[in-house]
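This briefing introduces a structure to a reader who has not met it before. The main points are grouped by topic below.

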Amino acid sequence: MKAMGLLVVLVATLCWAIGNLAYAQGSFSDVTLIAEDVRIPVSSRNYSIAAKVLRPEGAGPYGAIVLNHGAAVSAEERRTESPELLLHTAMHFARRGYVVVMPLRRGFGATGGEFAEDAGSCRNPDYRRGESAAAEDVMAAYDYTRALPYVDGARMILAGQSAGGVASIYTAARAPEGLVAVLAFAAGRGGNPSRNPGVPCAVEPLARVFDELGKSVKVPVLFHYAENDQFFNAQTSRLWYERFTAGGARAEYVLQPAFGKDGHYIFSDDSGVRYWLPAVERFLARNGVPFEPMHAVPPAKPILAGQ
């Protein structure tokens, strides 16, 4: 059964969020969002994953986004992982008529358990094993989301940051029913800025995974990065994108100018929305995926990073 948590009503015009938006978005004063903590059973296993659901108030049906977190280097950071870290980002999707489900995979935060995505040593990583484990949890969240009574199961999006971006693409290769797009922000594995800024370990082994994924993923994918990403430099991220598209996949690569001290966090940082949101709007519009604000807003000119 679906474990239902306490419903918390969030007003979409939280002052801290609006105050950080240099990309003007107008008034959402009458858009109410509802947040709910749930446990999602994994049918093929004897465990469940913790997740937060953020949705517009009302019966829908709404499109849905399964939003996947990254993977911190240290075990302590993984233990403190929380959907709250992406809640402000999820609000921008929810204001455009999407239910956002933010699952915590095995080994992270409230889900607990062993870290299932360890690919092994950089000398000989088994990325397929790690991504398969991640995709199992993402797929459980995806199936749960499609079954919600207020979700339009024919309008599903997989999205994620860093390792969550790779997990989203890997899950898309399973061709889940209803999937229309993938949004991958700073997608990659093996980065460790404290050891080797910008250059992850085992670039080529992960590129070979993208070779395979590019032959299987049938929906459009957005690869979104910033120029000063300290985990994955532009040369690496473009290589992964090119290897993915060489297999015939439809994808778009966006490299934003430098963002803050580390562009890896352009998606999760409060102020990063003015850069990534216009790119998402354009990408979804080009691919015929509805992404309009729930209420009309005046047109705004996107602000380029560095201005």
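**Strands and their pairing**

Val53 has Val101 of strand 5 as its bridge partner. The model described here is predicted. The points below cover the paired strands, an enclosed helix, the nonpolar cores, the disulfide and the largest pocket.

Strands 2, 3 and 5

- Strand 3 covers residues 48-56, and eight of its nine residues are buried.
- Strand 3 and strand 5 run antiparallel and are joined by four bridges.
- Strand 2, made up of residues 32-41, also pairs with strand 3 in the antiparallel sense, over nine bridges.
- One of the residue pairs here is Val38 with Ala51, the latter being its bridge partner in strand 3.
- Strand 2 leads into strand 3 by a hairpin of six residues.

Strand 4 and its two partners

- All seven residues of strand 4, which spans residues 62-68, are buried, so the strand is largely enclosed by the rest of the structure.
- Strand 4 runs parallel to strand 5 (residues 98-103), and four bridges join the two.
- Strand 4 also runs parallel to strand 6 (residues 151-161), here with six bridges.
- Ile65 takes part in both pairings: Val100 stands opposite Ile65 in strand 5, and Ile157 is the bridge partner of Ile65 in strand 6.

Helix 5

- Helix 5 is made up of residues 163-172, and 10 of its 10 residues are buried, so this helix is largely enclosed by the rest of the structure.
- The buried residues of helix 5 include Gly164, Gly165, Ser168, Tyr170 and Thr171.
- Ile169 is also among the buried residues of helix 5, and it is one of the residues with the most contacts inside the largest nonpolar core.

Nonpolar cores

- The largest nonpolar core has 55 residues, and Ile40, Val99, Ile169, Phe210, Phe223 and Phe244 have the most contacts inside it.
- Helix 4 gives the largest share of this core, with nine residues.
- Another core lies apart from it and has 32 residues, including Tyr98, Leu222, Val254 and Ala279.
- Beyond its neighbours within four places in sequence, Val99 is in contact with a set of residues that includes Val53, Leu54, Arg55 and Pro56.
- Other contacts of Val99 in that set include Tyr62, Gly63, Ala64 and Ile65, as well as Leu148, Tyr150 and Val151.

Disulfide

- The count of disulfides comes to one.
- This disulfide joins Cys122 to Cys201, with an S to S distance of 2.0 Å.
- Cys122 lies in the loop between strand 5 and helix 4 (127-146), and Cys201 in the loop between strand 7 (179-185) and helix 6 (203-213), so the pair ties together parts that are 79 residues apart in sequence.
- The torsion about the S-S bond of Cys122 and Cys201 is about -65°, so the disulfide is left-handed.
- Cys122 is partly exposed, at a relative accessible area of 42%.
- Cys201 is partly exposed as well, at a relative accessible area of 22%.

Largest pocket

- The volume of the largest pocket is about 980 Å³.
- Its lining is made up of 39 residues, and those nearest the centre of the pocket are Ala71, Ala72, Val73, Gly191 and Phe231.
- Helix 2 (75-79) and helix 4 each supply at least two residues of this lining.
- Helix 4 thus appears under two topics: the largest nonpolar core takes nine residues from helix 4, and the lining of the largest pocket takes at least two.

Methods: Residues are numbered from 1 along each chain as its sequence is written. This is a predicted model: local features need pLDDT of at least 70, side-chain atom pairs count only at pLDDT 80 or more; totals for chains, interfaces and linings use all residues. Side-chain values use heavy atoms; hydrogens and water are left out. Buried means under 20% relative accessible area, exposed over 50%, partly exposed in between (1.4 Å probe, protein chains only). Two strands pair if DSSP finds at least two bridges between them. A disulfide is a pair of cysteine sulfur atoms within 2.5 Å. A nonpolar core is a set of buried Ala, Val, Leu, Ile, Met, Phe, Trp, Tyr and Cys residues joined through side-chain atoms within 4.5 Å. Contact means heavy atoms within 4.5 Å. On a 1 Å grid over the protein atoms alone, a cavity is a set of points where a 1.4 Å probe fits but cannot get out, and a pocket is an open set with protein on both sides within 12 Å along at least five of seven lines; lining residues have an atom within 4 Å of a point. Grid points are joined across faces, edges and corners, and a volume is the space filled by probe spheres set on the points.
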